Amino acid sequence: MNIRTLILDDDPNSRLAARTALADYPEVEIVSEFEKSGELFAFLEGRTAHLLFLDIELYEEMGFEVAGRLKEEYPKLMIVFLTGHSSYAIDGYGFQPVGFLTKPVNRERLSRTIEEVRRRMGEWREQSSARLMFHLQKGYRILDVRDICYVERRSRKNYLHTESETLQIMNYTMRELEGMLSEHGFFLCHQSVILSLYRVTLIRDVGRQLYEAVLRGCDRPVPVSRNRYEELLHRLKETGIRAALPERQEK
């Protein structure tokens, strides 16, 4: 799993230094970087991230203020503080950061920090992992639930979608499939679709009170019914993921 990573620092040279140092870790995917906290929160409204490198001394505010809001709204987002003064470390421990890195970034300390991020990500994967057996037309298939993007019922047949393949599974009812998958982070977002909450990256308004969800690893969005939309947002927030309705998609 890639570690979706953000950088908030108002110094472009510091952002460049952080990017350069993180280039040694192929699993760290720098999704975006920001000069101001408003840009960060706007980004997080409709997307997911795992890790944030946060400068403590921002031009307009202290990084601790940003961290406080993040812990309230995005409690599962891991934070690494960046600072030019090691004395700030004592003040920041209440935010339970992954670590503190003094500028310029020390490679050895960064290595230990990334190792701690891997450990925490590993705990998440272990908690979320399960293997389920599905009945196919010929035989059975055992799948790790983390590999499943969504399940849909189409033309009176059931299809299970992963990043790499689509499987036709036997005619379980949607209620049966929901019972199998809901405890593993799946949600019935439409009468014919059950999606993985952990793969949602964006929710779009497509007009006429209709919505669709974009899923990581899928080449097309899935429908979200209007009577399930609010519950989907609630479940995403419970899971530690925040999503919000952006402006309506232009047709």
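**A buried strand residue, two open sheets and their helices**

V200 is buried, with a relative accessible area of 2%. This value, like every other reported here, comes from a predicted model. The residue lies in strand β13, which spans residues 200–207. Leaving out residues up to four places away in sequence, V200 touches T48, L195, V214, L215 and L236. C149 is 51 residues from V200 along the chain. The C-alpha atoms of V200 and C149 are separated by 9.2 Å.

The chain as a whole has seven helices and 15 strands. Of its 251 residues, 47% are buried. V200 belongs to the buried class because its relative accessible area, 2%, falls under the 20% limit. Among contacts with a separation of 6 or more, 57% join residues 24 or more positions apart.

One open sheet is built from five strands with parallel pairing. The strand order is β2-β1-β3-β4-β5. Its edge strands are β2 (28–34) and β5 (99–102), each of which pairs on one side only. From one strand to the next, the twist averages 25°. At the β5 edge, β5 pairs with strand β4 (residues 78–83) in the parallel sense over four bridges. Within this pairing, T83 stands opposite T102 in β5.

Helix α1 (residues 12–22) lies across three strands of the parallel sheet: β1 (3–8), β2 and β3 (51–55). The helix runs at about 175° to β2. That direction is roughly antiparallel, because angles over 145 degrees fall in that class.

Helices α2 (residues 37–44) and α3 (residues 63–73) pack against each other at an angle of about 10°. Their axes are 11 Å apart. The angle makes α2 roughly parallel to α3. The crossing of α2 past α3 is right-handed. On the α2 side, the contact involves S37, L40, F41 and L44. These residues meet V66, R69, L70 and E73 in α3. The contact of α2 with α3 comprises five nonpolar residues, one polar and two charged.

Helix α5 (residues 107–128) contains T113. At 7% relative accessibility, T113 counts as buried. Apart from neighbours within four places in sequence, T113 is in contact with V80, V98 and L101. V80 falls within β4, residues 78–83. L101 falls within β5, residues 99–102. The loop between β5 and α5 holds P104. The peptide bond from K103 to P104 is cis, with omega near -10°. Most peptide bonds are trans.

A second open sheet also has five strands, here with antiparallel pairing. The order is β10-β9-β8-β12-β11. Strands β10 (166–169) and β11 (186–190) stand at the edges. Each has a single partner strand, so one side of each is left without a neighbour in the sheet. Neighbouring strands of this sheet are turned by 25° against each other on average, direction ignored. Edge strand β10 pairs with β9 (residues 157–162) in the antiparallel sense over four bridges. Here Y159 stands opposite Q168 in β10.

Helix α6 (residues 174–181) lies across β8 (148–154), β9, β10, β11 and β12 (193–196). Its direction is at about 15° to β12. This angle counts as roughly parallel, because the class takes angles under 35 degrees. C149, noted above for its separation from V200, is within the β8 range of 148–154. L195, one of the residues touched by V200, is within the β12 range of 193–196.

The loop between β8 and β9 includes S155 and R156. Phi of S155 is near 55°, a positive value in a residue other than glycine. R156, also not a glycine, has a positive phi of about 65°. Most residues other than glycine have a negative phi. Both loop residues lie at the surface end of the accessibility scale: S155 counts as exposed at 65% relative accessibility, and R156 is exposed with a relative accessible area of 73%.

Definitions and conventions:
Residues are numbered from 1 along each chain as its sequence is written. This is a predicted model: local features need pLDDT of at least 70, side-chain atom pairs count only at pLDDT 80 or more; totals for chains, interfaces and linings use all residues. Side-chain values use heavy atoms; hydrogens and water are left out. Axes are lines fitted to C-alpha atoms, for helices over the stretch in contact, and angles run from 0 to 180 degrees between N-to-C directions. Angles under 35 degrees count as roughly parallel, over 145 as roughly antiparallel, 65 to 115 as roughly perpendicular and the rest as oblique. A crossing is left-handed if the near helix is turned anticlockwise from the far one by less than a right angle, and right-handed if clockwise. Contact means heavy atoms within 4.5 Å. Ala, Val, Leu, Ile, Met, Phe, Trp, Tyr, Cys and Pro count as nonpolar, Asp, Glu, Lys and Arg as charged, and the others, Gly among them, as polar. Two strands pair if DSSP finds at least two bridges between them. Buried means under 20% relative accessible area, exposed over 50%, partly exposed in between (1.4 Å probe, protein chains only).
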